[in-house]
Amino acid sequence: MSSSETAPGRGTAVVIGGGLAGVVAAWALRGSAERIVVVERDRYPDEPTFRAGVPQGRHAHLVLEAGHRALEEMMPGIKQELSAAGAHRVAVSGDLRWLSSAGWMADYPAQLGFLSCTRPVLDKLVLDRVRTEPSIEFLEGTDVVGLLGSAGAVTGVRVRERGSERGSERDEEQSSGRGEVRDIPAELVVDASGRSTSVPKWLAELGCRPVPEERVDAGVAYSSRLFHRPPGVDLGYQAIYLQTKAPDKPRMGVLLPVEGDRWIVSLAGMRGAEPEPGEEGFTKHLAQLRDPGLRDALRDAEPAGEVRGFLPGPGVRRHYERGGPEGLVVVGDAASTFNPVYGQGVTVSLFCAQALRRTALRHGGIGHATARDAQREIAAVSKNAWMMSCAEDVRFAATTGGPSGALIRIQHRFLDRVLAGATRNPEVTAAFHEVLSLVAPPSLFFRPSVLAAVLRS
């Protein structure tokens with residue numbers, strides 16, 4: 001059925017990018033669009049494996065409490081499927097040893113937890129679920145090369161087929177034999193193409209004004225490696241997180257359990273303290289962390305892969321809700337890119353999909369009113385995560401951009417009190433975990449009982 005033959009507002013939706021943010025956005029639109037086309041530049045591997053289109057995929061990932069609640073709401077039973085595939089649920093207290101800037105977090109019987117597995121396992125199970133929906137189709141090995149429309153409204157995309165090889169990271173090299181450019185008209189275009197999105201450039205080509213944006217760059221760099229868990233080893237916890245401590249301790253490290261009886265270890269440093277490349281750089285950075293716990297845990301662990309580096313680039317928040325054209329919704333990292341050390345990206349992408357579904361159902365389709373309201377809701381659901389990550393990034397002198405002035409200094413002093421309280425008062429610790437798990441807003445700290453506990457601490 002062509003878009004011209006469908007009911008108003010229920011035609012074709014095109015999703016740019018078939019990573020996690022894109023496939024959950026497509027799933028969110030089922031029943032609201034007659035046809036949903038996901039355009040993905042890679043070709044999906046048959047089995048869970050790392051692929052070029054997810055350059056951050058080899059590094060530690062987790063789905064925060066609020067994120068896996070959202071995922072289960074959208075895809076009932078998916079948490080059980082993830083568990084069967086080897087994903088671990090890690091309670092934020094008891095299972096996790098967390099060294100904050102103020103010290104070790106106090107233990108208490110936590111109800112909150114995050115899901116930990118490698119990114120390919122998460123992506124594959126979500127993709128398999130989305131593929132069960134007959135209204136969603138995938139154009140694999142295909143690039144979006146531009147937008148259709150005008151400065152006032154986006155009306156579709158221009159695409160071109162890439163290579164023909166199915167595989168993992170080899171796909172980046174299989175770009176010969178490109179096909180002809182063709183147009184896909186659409187009532188709604190969703191940009192889920194991630195950190196490297198070209199949509200701002202394409203909008204400029206249509207004559208659109210630049211969308212207002214915020215940038216903060218802590219210069220973070222990553223180095224990660226998989227390890228086999230030593231047989232019979234019991235650390236007394238499942239995961240360990242050694243946080244940075246501004247301004248003079250800009251290195252962090254995390255060990256998470258993943259499928260296959262393995263650990264994934266990611267090390268990171270802010271600008272000026274980046275991990276040096278390769279195995280030697282990894283070992284050196286490990287020795288420079290604030291506490292030897294992570295290094296001790298790996299003493300008898302055998303590597304299960306090479307050391308991989310990653311430069312995520314600056315955090316960027318694009319305010320499409322203030323000036324984007326009609327017919328366009330931007331989700332995930334294409335809308336708000338966070339410093340990965342806070343583990344917020346996957347969860348915020350799931351929030352975006354929920355917002356898109358709510359608005360599409362409310363308006364009964366995918367027309368311009370849906371796009372406008374969805375973009376406003378997406379800005380709202382990502383706001384707290386952005387504020388928290390930026391506020392922490394600017395504690396380091398080498399960070400560029402981000403908030404400054406008296407207000408942020410007051411916020412820092414208050415959060416320092418919260419963190420100090422979280423090292424010895426379980427009520428404060430629990431509140432801190434709720435906020436960091438994106439279950440509750442930062443205003444939770446001002447609930448009378450929590451505020452009193454903070455001040456007492």
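This report describes selected sheets, cavities, loop residues and one helix residue of the structure.

The model is predicted, and local features are reported where pLDDT is at least 70, side-chain atom pairs count only at pLDDT 80 or more, and totals for chains, interfaces and linings use all residues. Residues are numbered from 1 along each chain as its sequence is written, and side-chain values use heavy atoms, with hydrogens and water left out.

**Sheets and strands**

Helices (H or I, at least four residues) and strands (E, at least two) are DSSP runs, numbered from the N terminus. One open sheet has 3 strands in the order S3-S7-S4, with antiparallel pairing, where two strands pair if DSSP finds at least two bridges between them. Strand S3 (62-63) and strand S4 (88-91) are the edges of this sheet, and because each has a single partner strand, one side of each is left without a neighbour in the sheet. S3 is joined to strand S7 (residues 113-116) by 2 bridges, and the two run antiparallel; Val63 has Leu115 in S7 as its bridge partner. Helix H2 (residues 65-74) packs on the sheet and touches S3, S4 and S7, its direction making about 70° with that of S7. Here contact means heavy atoms within 4.5 Å, while axes are lines fitted to C-alpha atoms, for helices over the stretch in contact, with angles running from 0 to 180 degrees between N-to-C directions.

Strand S9 (residues 142-149) pairs with strand S10 (residues 154-161) in the antiparallel sense over 7 bridges, and the two form a hairpin with 4 residues between them. Gly149 stands opposite Val154 in S10. Of the 8 residues of S9, 6 are buried, so this strand is largely enclosed by the rest of the structure; buried means under 20% relative accessible area, exposed over 50%, and partly exposed in between (1.4 Å probe, protein chains only).

**Cavities**

On a 1 Å grid over the protein atoms alone, a cavity is a set of points where a 1.4 Å probe fits but cannot get out, and lining residues have an atom within 4 Å of a point. Grid points are joined across faces, edges and corners, and a volume is the space filled by probe spheres set on the points. The structure holds 7 cavities of 30 Å³ or more, and the largest has a volume of about 170 Å³. Its lining consists of 18 residues, of which Thr49, Arg51, Pro120, Asp123 and Lys124 lie nearest the centre. Helix H1 (20-28) and helix H4 (119-130) each supply at least two lining residues, and H4 gives the most, with 5 residues.

**Loop residues and Ala385**

Two residues other than glycine have a positive phi, as set out below.

| Residue | Phi | Relative accessible area | Loop |
|---|---|---|---|
| Asp261 | about 55° | 51%, exposed | between S16 and strand S17 (262-269) |
| Leu438 | near 60° | 12%, buried | between helix H12 (426-436) and helix H13 (448-456) |

In another loop, between strand S15 (239-242) and strand S16 (251-258), lies Pro247, and the peptide bond from Ala246 to Pro247 is cis, with omega near 5°.

Leu438 is also among the residues touched by Ala385, together with Phe338, Gln344 and Val348, when residues up to four places away in sequence are not counted. Ala385 is in helix H10 (residues 368-393) and counts as buried at 1% relative accessibility. Ala385 and Gly345 are 40 residues apart in sequence, whereas their C-alpha atoms are 8.9 Å apart in space.

Notes: 1 Å grid on protein atoms, 1.4 Å probe; cavity = no way out; pocket = protein on both sides within 12 Å on 5 of 7 lines; lining within 4 Å.
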